[in-house]
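Here's a quick tour for someone meeting this fold for the first time. Have a look at the model, then read on.

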Amino acid sequence: IQADESNSSARKRKVAIHKARGDNPAAIQELCKYLKVFMSDQEAFQELCDLYIQEQDYKQAAFCCEELLLHNPHNHLYHQRLGDIRYTIGGFEQLELAKQYYSQAVKLAPSNMRALYGLLLTSTQLAANPRYPQVKRKEYAKVAFWTSKQISSRYSNVGAIEQGDQLPIIEGLMSQLDLTKQVL
């Protein structure tokens, strides 16, 4: 590495060694050094995001995921992942951001069930917040209602009804989250 700074393989091996030893802080430090030289390495940003999540440093993980979105804004999995991170951080501002990222993930890939569930949970929490004006809460409730209908239709389209009692269980769980009657 000292002889040739542009040797990406040696740098990646060093990160892998730290990771294999369970020394995540050292792996993070080496990956940050690596990314100062190789700023367009998407795999390195993904790995760094994973390491930050393991260390529960969600703000840094969000930064890495945002960098991935800059490289590939049409990848629905990056939007979904950033929505997951923002949801995990918590707080109403972060939940609103999570809702936007989940919405974009659903827009890019309508069959993304994880993004649909994330959108449902986020919208439900936002609709239940008494700090928001009634108009905003109704809007969030409508999004939650639409999302629950989309989830139900996805399960019924794949034949979940014929295969067993999975659909009633899912609908029961969603009805526990359903705030449309309370908000509207």
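What follows covers one helix, a few single residues and some aromatic rings.

This is a predicted model, where local features need pLDDT of at least 70, side-chain atom pairs count only at pLDDT 80 or more, and totals for chains, interfaces and linings use all residues. Residues are numbered from 1 along each chain as its sequence is written, and side-chain values use heavy atoms, with hydrogens and water left out.

Let's start with helix H1, residues 8-20 (helices are DSSP runs of H or I with at least four residues, numbered from the N terminus). H1 has 13 residues and reaches 18 Å from its first C-alpha to its last, close to the 18 Å expected at 1.5 Å a residue; that expected span is 1.5 Å times one less than the number of residues. Its buried residues are Ala10, Arg11, Val15 and His18. Looking down the axis of H1, they fall within an arc of 140°, so they line one face of the helix. The arc is taken from the directions running from the helix axis to the C-beta atoms. Here, buried means under 20% relative accessible area, exposed means over 50%, and partly exposed is in between, with a 1.4 Å probe and protein chains only. Arg13 and Ala20, on the other side of H1, are exposed. Helix H2 (24-37) is among what covers the buried residues of H1, and just after H1, glycine 22 takes a positive phi of about 85°.

Now for two residues elsewhere in the chain:

| Residue | Where | Relative accessibility |
|---|---|---|
| Glutamine 56 | loop between helix H3 (42-54) and helix H4 (58-71) | 59%, exposed |
| Serine 123 | helix H7 (residues 113-127) | 0%, buried |

Most residues other than glycine have a negative phi. Glutamine 56 is not a glycine, yet its phi is positive, at about 60°.

What does serine 123 touch, leaving aside its neighbours within four places in sequence? Serine 123 is in contact (heavy atoms within 4.5 Å) with Lys99, Tyr140, Val143 and Ala144.

Tyr140 also brings us to the rings. Rings of Phe, Tyr and Trp (its six-membered ring) pair if their centres lie within 6.5 Å; planes under 30 degrees apart count as stacked, over 60 as edge-to-face and the rest as tilted. By this rule there are 3 aromatic pairs. The rings of tyrosine 132 and tyrosine 140 have centres 5.6 Å apart and planes at 65°, so this pair is edge-to-face. Both tyrosine 132 and tyrosine 140 are buried, and together with Phe92 they form one aromatic cluster.

Note on methods: Helices (H or I, at least four residues) and strands (E, at least two) are DSSP runs, numbered from the N terminus.
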